[in-house]
Amino acid sequence: MISILKMSQTLRMQSAMAYRVYVSGILLLYFTTEAQMVISRQSEEITCYTCKPKENNDECNKIAIDVPCPKGTEFCQSMHRMDVETGASVYMHKFCAKPINCTEETVGCKEMDAGGLKLVECVSCCDESYCNRWAPTNHTNAILQSSNPANSSPTLTSRSSLFVLLLCCILSSLHTSIHLPWIGQ
């Protein structure tokens with residue numbers, strides 16, 4: 001009877017150890033993949049629609065230069081001004097921008113006065129090649145769009161934190177049912 005009990009405990013410990021190795025492998029794979037995605041995005045060059053100020057988006061895109069952005073400029077920025085009363089475009093400027101110029105504080109729409117003419121200026125930033133094709137026109141599209149975790153850490157952080165929290169809950173529940181020796185010591 002004692003040998004059966006010892007064998008059962010040994011099997012339980014071996015099973016727990018195998019599960020620990022399996023979970024550790026999954027965690028390692030997940031975080032390695034995330035790190036590789038960050039590194040590959042940071043090493044890629046970005047190409048933006050770029051033009052000196054024009055009257056509207058169509059004119060800007062017609063002459064847009066197709067050249068990779070210089071090092072240190074990770075965003076495509078679009079600055080669009082429209083007449084408040086008519087909604088007509090009066091100014092469109094697209095260029096490669098540094099991260100400091102593309103924050104939650106620098107994007108969006110605001111009203112301005114230009115020599116008696118009331119304008120609304122909308123600014124958007126994005127970090128994928130040719131992502132600034134369209135002109136920002138309101139608060140729903142004058143935003144900071146980032147696929148790079150380094151530029152939009154809240155999305156990655158929330159997803160990673162949720163994953164780790166879920167994993168801890170699973171391991172905690174397993175601890176109470178199969179008494180994993182490495183948890184809670």
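Which hand does the disulfide of Cys51 and Cys60 have, judged by the torsion about the S-S bond? Keep that question in mind; point 4 comes back to it. Here are some friendly notes to read beside the structure.

1. **What you are looking at.** Please remember that this is a predicted model. The protein has three helices and six strands. Starting at the N terminus, the order of the elements is α-β-α-β-β-β-β-β-α. Try tracing that order with your finger before you go on to the details.

2. **Inside and outside.** Of the 185 residues in the protein, 30% are buried. The protein exposes about 12,200 Å², and 61% of that comes from carbon and sulfur atoms. Contacts also tell us how the chain is put together. If you take the contacts between residues at least 6 apart in sequence, 63% of them join residues at least 24 apart.

3. **The disulfides as a set.** How many disulfides does a search of the whole structure find? The search finds six. A disulfide is a covalent bond between the sulfur atoms of two cysteines. Counting the bonded cysteines along the chain, the pattern reads 1-5, 2-3, 4-6, 7-10, 8-9, 11-12. It is a good exercise to find these pairs on the model yourself. The next three points look at some of them.

4. **Cys51 and Cys60.** Now for the opening question. The torsion about the S-S bond of Cys51 and Cys60 is about -90 degrees, so this disulfide is left-handed. The sulfur atoms of the two residues lie 1.7 Å apart. Cys51 and Cys60 are both buried.

5. **Cys48 and Cys76.** Here the S to S distance is 2.0 Å. The torsion about the S-S bond is about -85 degrees, so the disulfide of Cys48 and Cys76 is left-handed. This pair links distant parts of the chain, with the two positions 28 residues apart in numbering: Cys48 sits in the loop between α1 and β1, while Cys76 belongs to strand β2 (residues 75–83). Are these cysteines buried or exposed? Cys48 has a relative accessible area of 0%, so Cys48 is buried. Cys76 also has a value of 0% and is buried.

6. **Cys102 and Cys125.** The sulfur atoms of Cys102 and Cys125 are 2.1 Å apart in their disulfide. With a torsion of about -70 degrees about the S-S bond, this disulfide is left-handed. The bond links distant parts of the chain, 23 residues apart: Cys102 is in the loop between β3 (89–97) and β4 (108–114), and Cys125 is in strand β5. Both Cys102 and Cys125 are buried.

7. **An aromatic pair.** A search of the whole structure finds one aromatic pair. Tyr49 and Tyr130 make this pair, with 5.5 Å from centre to centre and 70 degrees between the planes, an edge-to-face arrangement. The two tyrosines come from distant parts of the chain, 81 residues apart: Tyr49 from the loop between α1 (2–43) and β1 (51–54), Tyr130 from the loop between β5 (117–126) and β6 (144–145).

8. **A closer look at Tyr130.** Is Tyr130 buried, partly exposed or exposed? Tyr130 has 35% relative accessibility, so this residue counts as partly exposed. The backbone of Tyr130 deserves a glance too, with a positive phi near 60 degrees in a residue other than glycine. For background, most residues other than glycine have a negative phi.

9. **Charges over rings.** Tyr49 has another partner to look for: the charged end of Lys94 sits over the Tyr49 ring, 5.4 Å from its centre. Elsewhere on the model, look for Arg81, which lies over the face of Tyr91 at 4.2 Å from the ring centre.

10. **Asn57 and its neighbours.** Asn57 is part of helix α2 (residues 57–63). Its relative accessibility is 12%, so Asn57 counts as buried. Which residues does Asn57 touch, not counting residues up to four places away in sequence? They are Met92, Lys94, Arg133, Trp134 and Ala135. With Arg133 there is a polar feature to find: a polar atom of the Asn57 side chain lies 3.1 Å from the backbone oxygen of Arg133. Lys94 appears both here, touching Asn57, and in the previous point, over the ring of Tyr49.

Terms used: Residues numbered from 1 in each chain as written. Predicted model: local features only at pLDDT ≥ 70, side-chain atom pairs only at ≥ 80, totals over all residues. Heavy atoms only, no water. Helix = DSSP H or I, 4+ residues; strand = E, 2+ residues; numbered from the N terminus. Buried < 20%, exposed > 50% of the residue type's maximum accessible area, 1.4 Å probe, protein only. Contact = heavy atoms within 4.5 Å. Areas by Shrake-Rupley, 256 points an atom, 1.4 Å probe, with all protein chains shown as cover. Phe/Tyr/Trp six-rings, centres within 6.5 Å; stacked < 30°, edge-to-face > 60°. Lys NZ or Arg CZ within 6 Å of the ring centre and 35° of its normal. Disulfide = S-S within 2.5 Å. Polar contact = N/O pair within 3.5 Å; in protein donor to acceptor, adjacent residues only side chain to side chain.
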